[in-house]
Amino acid sequence: MKQIRLGNSGLRISEIVLGCMSFGVPDAGAHAWSMPEDESRPFIRQALEAGITTFDTADIYSAGTSEEIVGRALRDFTTRDEVVIATKVNGRMGPGPNQAGLSRAHIMSAIDDSLRRLGTDYVDLYQIHRWDPRVPIEETMEALHDVVKAGKARYIGASSMWAWQFAKAQYTADLHGWTRFVSMQDQYNLLQREEEREMLPFCADEGVGVIPWSPLARGLLTRDWDETTARTQTDEFGKTLYRGPGEIEANRAIVEAVASVAEARGVSRAQVALAWVRQQSAVTAPIVGATKPHHIDDAVASTGIELTAEELSALESPYTPRLPEGF
């Protein structure tokens, strides 16, 4: 698998990133569909054997147990220098007043807690998990800069927010000589393309790598529109996505277009949807979750697909403007 430069930074990541939200003790947090450690480890091994070197998790995933599972598996299956570990900070990790958000108080304690759970001295990419309107961006950026200078993170990244907020963060860092974000982890898929208006052009202009989350739209692009799964029935956050006013018929048409292209090619729908994301010029690598072995197989196979202009048009033409989601 190719290793791709993340934006203008010197960090190289695999062209598929394994998202680790599904790995964790199911009753430890809000992710009732999470898989315990004995079920999670085979997927991490499979990813490594397929050439995936980059793993994305977050402290909030299953109350920290995702980080613990990922950290132990990577120590057992590979060496630290052969992988890229990314995690995130912002979510509430306890009842205390400073156990959530992007204040200096929380960032400084959260990075140490993440490193302890992951069993490593540093993370390659430390990302803010959304924007925190309660904390001055100067405080957040200086704290992240100090984390980097302390050797606890090699690079920093951001996730879903308005483009003006991301621009403000970057230029705040420039103004003070602090560490800039090298990546943006935003929602981008065939059902939600609003990032094409401002965020993706800004990232391309600024040399920021883009690692989209939910490239398969919570799995909607991989199955018939009305089909449900155990996750769709319990994922409260997922229930807020892709079903806004006026969206359902357009999204149904997109799902059907994916199915048509996949059938004509003789490949899975997931491969087609991932190939579309990877073919977008601003994108570095999609983040793909896995709860079945074929999820990783499909992600890897998608790297060998180049969609034609006609296929791209068929996939994109049903799209209608809608409000951004997932912030």
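Axes here are lines fitted to C-alpha atoms, for helices over the stretch in contact, and angles run from 0 to 180 degrees between N-to-C directions. The model is predicted.

**Exercise 1. Two helix pairs**

Task: Work out how helix α8 runs relative to helix α11, and which residues form the contact.

Solution.
- Step 1. Locate the helices. Helix α8 covers residues 248-265 and helix α11 covers residues 309-316.
- Step 2. Take the geometry. The two pack at an angle of about 155°, and their axes are 8 Å apart.
- Step 3. Apply the cut-off. Angles over 145 degrees count as roughly antiparallel. Therefore α8 is roughly antiparallel to α11.
- Step 4. List the residues. From α8 come Ile 254, Ala 257, Val 258, Val 261 and Arg 265; from α11 come Glu 311, Ala 314 and Leu 315.
- Step 5. Sort them by class. The contact of α8 with α11 has 6 nonpolar, no polar and 2 charged residues.

Task: Do the same for helix α1 and helix α10, and add the handedness of the crossing.

Solution.
- Step 1. Helix α1 spans residues 37-49, and helix α10 spans residues 293-302.
- Step 2. Their packing angle is about 20°, with the axes 10 Å apart.
- Step 3. Angles under 35 degrees count as roughly parallel. So α1 is roughly parallel to α10.
- Step 4. The crossing of α1 past α10 is right-handed.
- Step 5. Phe 43, Gln 46 and Ala 47 of α1 meet Pro 293, Ile 296 and Asp 297 of α10. By class, this contact holds 4 nonpolar, 1 polar and 1 charged residues.

**Exercise 2. The sheet**

Task: Lay out the strand order of the open sheet and find its edges.

Solution.
- Step 1. Write the order. The open sheet has 8 strands, running β9-β8-β7-β6-β5-β4-β3-β10, with parallel pairing.
- Step 2. Find the edges. They are β9 (209-210) and β10 (287-289), and each pairs on one side only.
- Step 3. Recall what pairing involves. Strands of a sheet pair through backbone hydrogen bonds, either parallel or antiparallel.

Task: Trace the bridges from β6 through β7 and β8 to β9.

Solution.
- Step 1. Start at strand β6 (residues 123-128). It pairs with β7 in the parallel sense over 4 bridges. On this side, Tyr 126 stands opposite Ile 156 in β7.
- Step 2. Move to β8. Strand β7 (residues 153-159) is joined to β8 by 4 bridges, and the two run parallel. Ser 159 has Gln 185 in β8 as its bridge partner.
- Step 3. Finish at β9. Strands β8 and β9 pair in the parallel sense over 2 bridges. Here Ser 183 stands opposite Gly 209 in β9.

Task: How many residues of β7 and of β8 are buried, and which helix lies across them?

Solution.
- Step 1. Strand β8 (residues 181-185) is mostly covered, with 5 of its 5 residues buried.
- Step 2. Strand β7 is also mostly covered, with 5 of its 7 residues buried.
- Step 3. Helix α5 (residues 163-176) lies across β7 and β8, and runs at about 165° to β8.

**Exercise 3. Buried or exposed?**

Task: Classify Arg 117, His 129 and Gly 96, and place each one.

Solution.
- Step 1. Set the cut-off. Buried means under 20% relative accessible area.
- Step 2. Arg 117 lies in helix α3 (residues 104-118). Its relative accessibility is 11%, so Arg 117 counts as buried. Leaving aside neighbours within four places in sequence, Arg 117 is in contact with Asp 59, Gly 64, Glu 67, Glu 68 and Met 93.
- Step 3. His 129 sits in the loop between β6 and α4 (137-149). Its relative accessible area is 14%, so His 129 is buried. Not counting residues up to four places away in sequence, His 129 touches Ala 58, Ile 60, Tyr 61, Lys 88, Val 89, Asn 90 and Ser 159.
- Step 4. Gly 96 is in the loop between β5 (84-89) and α3. At 16% relative accessibility, Gly 96 counts as buried.

**Exercise 4. Positive phi**

Task: Where do Ser 62 and Arg 130 lie, and what are their phi values?

Solution.
- Step 1. Ser 62 is in the loop between β4 (54-56) and α2 (65-77). Its phi is positive, about 50°, although Ser 62 is not a glycine.
- Step 2. Arg 130 is in the loop between β6 and α4. Its phi is positive too, about 85°, and Arg 130 is not a glycine.
- Step 3. Check burial. Ser 62 is buried, at a relative accessible area of 1%. Arg 130 is buried, at 18%.

Key
Residues are numbered from 1 along each chain as its sequence is written. This is a predicted model: local features need pLDDT of at least 70, side-chain atom pairs count only at pLDDT 80 or more; totals for chains, interfaces and linings use all residues. Side-chain values use heavy atoms; hydrogens and water are left out. Angles under 35 degrees count as roughly parallel, over 145 as roughly antiparallel, 65 to 115 as roughly perpendicular and the rest as oblique. A crossing is left-handed if the near helix is turned anticlockwise from the far one by less than a right angle, and right-handed if clockwise. Contact means heavy atoms within 4.5 Å. Ala, Val, Leu, Ile, Met, Phe, Trp, Tyr, Cys and Pro count as nonpolar, Asp, Glu, Lys and Arg as charged, and the others, Gly among them, as polar. Buried means under 20% relative accessible area, exposed over 50%, partly exposed in between (1.4 Å probe, protein chains only). Two strands pair if DSSP finds at least two bridges between them.
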